[in-house]
Each structure stands twice: as structure tokens, then as C-alpha cells.
Amino acid sequence: MERSIGIGLLGAGTVGGTLVSRLIGEVDAIAAKTGLTFDVRKVGVRNLDRDRPFQVTEGLLTDRLVEVIEDPTVELVVEVMGGLDPAGDLILAALDAGKPVVSANKELIAARGPELIAAAERSGVPLLFEAAVGGAIPIIRPLSETLAGEKIDRVVGIVNGTTNFILTKMSEHGTTYIDALGQAQDLGYAEPDPTADVSGEDAAAKAAILASLAFGTWVGIGDVYYEGIEEVTAVDISFAAEFGYAVKLVGVCERTDAGVNARVHPAMIPVEHPLASIRGATNAIFIEGPAIDSLLFAGPGAGGDPTATAVLGDMIDAARETLAGAQVAPRIRFSPGEIIDFSDISTEWYMRLLVDDKPGVLGKIATGFGDAGVSIRSVWQEGGELEASLIVVTHPAAERAQREALSSLRAIDEVIDVGSVIRVLGDGK
Ligand code: HSE
């Protein structure tokens, strides 16, 4: 026997539009597999006049978003509008009204996760957000359920499709940064304002969620240091390749005896690491723990269809739980824990300097590193006579020490420019 569930949708952009089209077009297939049909009763949008990829029936759309929550025929609220406001308060209102919620909103979960999860717990309804990280890749459920018994040490993720697409195009086709970004936007990977993608902010929200679920200590977006790919050049990508590395924007979440940490920055990854071969808009999340060794989750991480598949999965899950009639307990609990400041995190640095090629310059540079307590692993020079490019790769040292070394290098007269700094992904030990 089939059961129909009344859906209230908040947002009908790339993901929401795709979702409604699929709920209509794939109704029989979904019903055959799950015994459920989803009947979209209300769609809350900001702009009533925009074209939609689905048939808009009388009374379906509203720009009074709260109507979506208040409609008594809406049994499940699906939020795909993004942003903090008004999505956060609408979700809270839905949960307080005892309605299960499915959200794809990484920014909101990373900012207000504990508050929303507590509201869901009070009402005994599910709050599911599989689509918030990694598009179609199942990762929220594996971290909070399948791997709940594993003491996860580290999660490293390529969690922004736009930047991975751009870096892949720059590396494989010599495409300029701007052209590659334009292509990512045309393909629907980038956020409406791509600054969030290229600055690392989008990945930071996802890293916050991954760290929180992996370690069971809440890591909010404000706890995540991030930097983007704006400074990465084709020259560095090709140097990296020569040295056996691929350049990727990664979210790194680590747990040590001192606490937990999450950060996002471009990183040089050894070509033999599974993440180095992740190309285009594909996302991948690499999880390490003592019993599992490592697991790799990979797949399409952006775009309407992949994200809509993750939302649909959550809708089916939430509908099943609701129909079972039980009070739903949260799938994850957070305990207090220490969050390690980024300046105390130890990494290896790759640095490309443009220097005057004169006697004694290398000595001054080595002293700059030495005085800051940073040990040099390798030095490579290209060019010469008047100016030379100097590539320095350090041993692991705390971020604050690396930065101190960087400032003293900048103060050396013969150092014309510090072109780039890219951290090297070590083995996390
Ligand atoms: N704009 C994101 C990306 C997708 O490029 O990965 C949604 O988070």
C-alpha cells in the first residue's frame, strides 16, 4: 500500500527545481521502491515571477514563506533555499511545530547545528541534512551512524566542486582561473556568489560539519580557519606536479590528544594519495581511524541532480521514521572538547620566492627559517644570474612559526616577492 506525504518546500532554485521535477517525473519509480509518494503542497520562494522547471499550479507558490510551515497538509518540510536567514528561523518553527525537516543548508547547519538538533530532539522528529556536504555522496549518515563506533582520527575532504573543477582545468588544460570559474558557473556548480566557493568559505562550513560528526565535539563555522584558491597559480601547480604533488583545496579535520581542529586551505597532496586523483567537480572524503584504516567516499558533490538525490534519500528516511510513529532521538550527541587554534597546527610548507641571485641570499633565508624554529626539508632553485625562483619546502612546524619565518623572509632586501605559500598534506601523524 502506498502512503502519500505532504511536502512543504522552501526554495525552488537549482536543487529545489530539480527536486520538484523529479518528484513528479519519477513518482512511480519512487513509490515502487519505497511505498511512498511525495505530494508537494506548498513551495516558498522569494520571487514569484521567476520561471520554474516544473508546472506551477494555482496556489502552489507563495512568497510568504511561513505559509509553508503553517499549511496543515504539510507533513515534512524540505529546505533548499540556503543562507542563514530566514532559513534558520523557518526550520526552527517547523521543528517546534513537530514537523520533520530535511535541509541541504551547510551554512546554517555549521552555524546553528546544536540549536536545531536540540529543537528536533525536543519535538522527537528527524532533522536530516545529508545533502549539506558532498552533494550525492553519502557521508553524513556514514559518519553519524555506520562509523559511530569508530574513533576517527582524521577526515580530509575535497568538498567544493567549483574549486576542484577550477584547479583541475588549470592543471590539465592550462585554463585561466577566470575562464575555469566561468565554466563552473555555467555548469551550475558554483554558488550564486562564487566568492563563497573560491574563498574556501563553502568548504569551511562543510569541514565544520564533518569535524563535528567525526569527533562528536561541536566545531562551528567560526572555529574553522579557511583560505581559498585565489592565490594559487598555474606556476605552482606545475612545480607541484614536478615534485610529485597535486594541488587541491582540502578541508582537514583532525583529532589529537590536545583536541580537535578543522581548517580549509589549498594543499599539495602526494600523487599516490587517493585524493590526488579526484578530478573536476567530483568531491571526495577520506576518513582515517585505528580500526578502519582508511575509507574513501567519492562522487558528484555539486549540481542540482546529485544534490536532489541526497535530499530525496533524506525525505524517504524522514517519512519512514515519521510513519513508524516513534519519537526520534538525534543521531549524534556532542560532548564538550578542546578546539585547537590554527596557529598551533603543524604543517609542512611549500614556498615560492623570487630573489636576487647574489652571494649570501640563501644563508639569510636559511637564518630566517632557523630563527623561527622552522627546519628546511628541501630547496630548489630555477633561473639565475639576476633573479631566481627559489622553492623551499619545510619540515612540519606550527603555523605561528611558519608565519614568523615568512615575515622575516619578507624583510630581506634580496627577497623580491613571496609568490605563494601552499601547505603540504602530511600523513597527519
Ligand atoms: N557550490 C558548491 C560546490 C556546491 O561547488 O561544491 C554546493 O555546496
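## Close-up views of a predicted model

**View 1. Helices α5 and α10 pack against each other.** Helix α5 (residues 106–123) and α10 pack at an angle of about 50°, and their axes lie 8 Å apart. That angle makes α5 oblique to α10. Angles under 35 degrees count as roughly parallel, over 145 as roughly antiparallel, 65 to 115 as roughly perpendicular and the rest as oblique. α5 passes α10 in a left-handed crossing. A crossing is left-handed if the near helix is turned anticlockwise from the far one by less than a right angle, and right-handed if clockwise. Axes are lines fitted to C-alpha atoms, for helices over the stretch in contact, and angles run from 0 to 180 degrees between N-to-C directions. Helices (H or I, at least four residues) are DSSP runs, numbered from the N terminus.

This is a predicted model: local features need pLDDT of at least 70, side-chain atom pairs count only at pLDDT 80 or more, and totals for chains, interfaces and linings use all residues. Residues are numbered from 1 along each chain as its sequence is written, and side-chain values use heavy atoms, with hydrogens and water left out.

**View 2. Helix α4 meets α5.** The axes of α4 (residues 87–96) and α5 come within 9 Å. They cross at roughly 10°, so α4 and α5 are roughly parallel to each other. Their crossing is right-handed.

**View 3. Helices α13 and α14 form another packed pair.** α13 spans residues 361–371 and α14 spans residues 399–410. Their axes are 8 Å apart, at an angle of about 150°. That makes α13 roughly antiparallel to α14. α13 passes α14 in a right-handed crossing.

**View 4. Residues surround the ligand.** Among them are Lys106, Asn160, Gly161, Glu191, Asp202, Lys206 and Ala302. A residue belongs here if one of its heavy atoms lies within 4 Å of the ligand. The shell divides into three nonpolar, three polar and five charged residues.

**View 5. Polar atoms face the ligand at short range.** A polar side-chain atom of Thr162 lies 2.6 Å from a ligand oxygen atom. A backbone N or O atom of Tyr189 lies 2.7 Å from a ligand nitrogen atom. For Asp197, a polar side-chain atom lies 2.8 Å from a nitrogen atom of the ligand. Taken alone, the ligand exposes 260 Å², and the protein buries 89% of that (Shrake-Rupley method, 1.4 Å probe). α7 (161–173) and α10 (201–215) are the elements that give two or more residues to the shell.

Conventions: Polar contact = N/O pair within 3.5 Å; in protein donor to acceptor, adjacent residues only side chain to side chain. Nonpolar A, V, L, I, M, F, W, Y, C, P; charged D, E, K, R; others polar.
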